[in-house]
Amino acid sequence: DGSLYNIDSVVYQWHPAADPPALTIFQQISTSGAYAFTAFDLPGADPSSPDSFLAVANHYDDATAYAARSRVYRLEGAAYAEAASLETYGAAHIESFSMGGSHYLAVANYFDGTYHDVDSEVYRWEWAGGAWALGA
């Protein structure tokens, strides 16, 4: 109804071989005024099986306003589970990229409730203990 920002967003799965091709609901994920999603894979412990992630840029939270935590989810079995929670301020975009053999996640912050002059963040993925974690 437009009065709340904390809602569930829907992740759909594409079935191109279906007749006719179809989208089905894969999972609902709690979001806070989500502005952007990005899906990406990182090399897994088994090179033939990458780790799949979904990152959400949350822009506005009903309780904390523009200090909305953005989230990163890892695909575990048949569902996404939260892997990281990032401090963001009116996040407007989120993007994964690789450079020089390293993997990164960039978050474009837009507004902290007072100023638009808000730093954006770039996080480096680190392989530790057999799993990916976000470092500074």
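Phe 111 is buried in this predicted model, because its relative accessible area of 13% lies under the 20% limit for that class. The residue belongs to the loop between β8 (102–108) and β9 (121–128). Leaving aside residues up to four places away in sequence, Phe 111 touches Tyr 66, Tyr 89, Gly 90, His 116 and Val 118. One of these contacts, Tyr 66, is 45 residues apart from Phe 111 along the chain, yet the C-alpha atoms of the two residues are separated by 6.8 Å.

The surface offers a contrasting view of nonpolar side chains. Val 10, Tyr 12, Trp 14, Leu 23 and Ile 25 form a nonpolar patch there, and together they have about 540 Å² of accessible area. Two elements, β1 (6–15) and β2 (22–32), each give two or more residues to this patch. The most is given by β1, with three residues. Leu 23, a member of the patch, is placed in strand β2. Leu 23 counts as exposed because its relative accessibility is 54%, and the class begins over 50%. Phe 111, by comparison, is buried at 13%.

Charged side chains complete the picture. How many salt bridges does a search of the whole structure find? The search finds two. In one of them, the side chains of Glu 82 and Arg 71 meet with an N to O distance of 3.5 Å. This pair links distant parts of the chain, since Glu 82 lies in strand β6 (residues 79–86) and Arg 71 in strand β5 (residues 70–76), eleven residues apart. Glu 82 has a relative accessibility of 45% and therefore counts as partly exposed. Arg 71 is also partly exposed, with a relative accessible area of 24%. Both values fall in the partly exposed class because that class covers what lies between the buried limit of 20% and the exposed limit of 50%.

The other salt bridge joins the side chains of Glu 126 and Arg 124, at 3.3 Å from N to O. Are these two residues buried, exposed or partly exposed? Glu 126 counts as partly exposed, because its relative accessibility is 34%. Arg 124 falls in the partly exposed class as well, with a relative accessibility of 35%.

Taken in order, the path leads from Phe 111, buried in its loop between β8 and β9, to the nonpolar surface patch to which β1 and β2 contribute, and then to the two salt bridges.

Conventions
Residues numbered from 1 in each chain as written. Predicted model: local features only at pLDDT ≥ 70, side-chain atom pairs only at ≥ 80, totals over all residues. Heavy atoms only, no water. Patch = residues over 30% accessible without salt bridge, like charges linked within 9 Å, V, L, I, M, F, W, Y side chains within 5 Å. Areas by Shrake-Rupley, 256 points an atom, 1.4 Å probe, with all protein chains shown as cover. Salt bridge = Lys/Arg side-chain N within 4 Å of Asp/Glu carboxyl O. Helix = DSSP H or I, 4+ residues; strand = E, 2+ residues; numbered from the N terminus. Buried < 20%, exposed > 50% of the residue type's maximum accessible area, 1.4 Å probe, protein only. Contact = heavy atoms within 4.5 Å.
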